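Me: I'd like to see how the labels for this protein follow from its values. Can you walk me through it?

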Amino acid sequence: MRHAKLRRLPLNLTALAVFALTLFPVYWMAVTAFKPTADITAETPVFLPTDLTLEHFRTAVGADGFAQFWRNSLLVTVSAVLLSLLVALGAAFAVARMRWRGRRAFVLMVFIAQMAPWEAMLVPVYVIARDTGMLDRLSMLTLVYFMVTLPFTVIVLRGFLAGVPVELEEAAQVDGCTRAGAFRRVTFPLLAPGLLATSLFGFITAWNEFAFANMLIVTDQDDRTLPVWLSSFSNTFGTDWGATMAAATLFALPALVLFLVLQRRVAAGFATGAVKG
C-alpha cells in the first residue's frame with residue numbers, strides 16, 4: 001500500500017500543479033476585484049490583500065447600460081440554447097432511430113461542422129447579415145449562436161438516444177402509445193443528463209462569445225452584450241483594472257453557478273454522449 005502511494009505521488013503532485021495553474025487566473029481576477037486601487041497599481045503584487053473594497057463592483061454595476069447589456073446577453077443566450085435543443089432533438093432522433101438514405105453522410109457533415117473553426121465564419125456571416133439587413137439585431141446574433149452550438153448538441157443527443165433501448169419505446173407502443181407519445185413518456189425523461197450537458201455547453205459558448213457580438217452589433221450600442229460591454233472599461237486614460245475585474249467576476253458568476261449546480265449530471269452527460277452511438 002505504501003509503495004502504491006509513493007508511485008502515485010508524482011502524478012498527484014502534477015495534478016495539483018495543473019490545478020493551481022488553472023485556478024490562479026480565476027483567483028487573481030476575483031481578488032483584484034476586491035483590492036483597493038493602490039494595491040492593484042503597486043509595483044509589488046499583493047496576493048493576499050488585507051484591505052478589501054466593493055468600490056469596483058459599484059463602478060461596474062453603475063456603468064452605463066449594465067442592466068440592459070445583461071438582459072441582452074441573457075435573452076440571446078437562452079433563446080439560442082432553447083432553439084438548439086429543439087432542433088437538435090429532432091435531428092438526433094432521426095439519426096439514432098430511423099434508417100434513411102444519406103444518414104451517414106449527414107452525421108459526417110455534422111462532425112465536420114463541429115470541427116470547423118468559428119473564426120472562419122466571421123466574414124461570411126457579416127456579409128450575409130449586411131446583405132439581408134440583419135446587422136444590429138439581436139435576432140441575428142441568436143441565429144449565429146444557434147448555428148455554432150447546434151452540431152455539438154446533435155452529436156451528444158444522438159449518443160444518448162442510441163444508448164436508450166428502442167425496446168422501451170416499442171413496449172410503450174404495444175401498451176397503446178403512439179410513437180410520439182412513447183418518445184415523450186419513456187425516452188425523453190431518460191435524456192435529462194444529455195439535455196443538461198448540451199444546455200450548459202451552449203450557455204457557456206453563447207454567454208462568453210465576443211467576436212460575433214462585436215462584429216454584428218455595429219451602430220446600435222444598446223444591443224451590445226456583456227462581453228462587448230467589458231471592453232468599455234478601457235479608454236483614452238487607460239484601463240480601470242479594478243472595475244474591469246469586478247465586471248469580469250460578475251460576468252462569470254452565472255456560468256459558474258450553473259455549472260456547480262449541474263456538474264454531476266453534466267459529467268455523466270458528456271461521458272455517456274461521447275461513448276454511445
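Me: Which residues line the largest pocket?
Reply: In this predicted model, the lining of the largest pocket is made of Leu23, Val26, Met29, Ala30, Ile204, Asn208, Thr249, Ala252, Leu253, Ala255, Leu256 and Phe259. Helix H1 (2-34), helix H10 (192-208) and helix H13 (241-275) are the elements that each give two or more residues to it. H13 has the largest share, with 6 residues. The pocket's volume is about 310 Å³.

Me: How do the residues of that lining divide into nonpolar, polar and charged?
Reply: You get 10 nonpolar, 2 polar and no charged. Asn208 and Thr249 are in the lining, and they count as polar because neither Asn nor Thr is listed among the nonpolar or charged types.

Me: Why is H9 called oblique to H10?
Reply: The axes of helix H9 (residues 179-190) and H10 cross at roughly 55° and come within 4 Å. Roughly parallel needs an angle under 35 degrees, and roughly perpendicular runs from 65 to 115. An angle of roughly 55° fits neither, so H9 is oblique to H10.

Me: Which residues of H9 and H10 meet?
Reply: Phe188, Pro189 and Leu190 in H9 meet Ala192, Pro193 and Leu195 in H10. That contact divides into 6 nonpolar, no polar and no charged residues.

Me: What makes one residue in the lining of the largest cavity count as charged?
Reply: That lining consists of Val95, Phe106, Val107, Val110, Phe111, Val154, Ile155 and Arg158. Arg is on the charged list, so Arg158 is the 1 charged residue, next to 7 nonpolar and no polar. The cavity has a volume of about 40 Å³, and H5 gives the largest share of its lining, 4 residues.

Key: Residues numbered from 1 in each chain as written. Predicted model: local features only at pLDDT ≥ 70, side-chain atom pairs only at ≥ 80, totals over all residues. Heavy atoms only, no water. 1 Å grid on protein atoms, 1.4 Å probe; cavity = no way out; pocket = protein on both sides within 12 Å on 5 of 7 lines; lining within 4 Å. Points joined across faces, edges and corners; volume = space filled by probe spheres on them. Axes fitted to C-alpha atoms, helices over the stretch in contact; angles between N-to-C directions. Parallel < 35°, antiparallel > 145°, perpendicular 65-115°, else oblique. Contact = heavy atoms within 4.5 Å.
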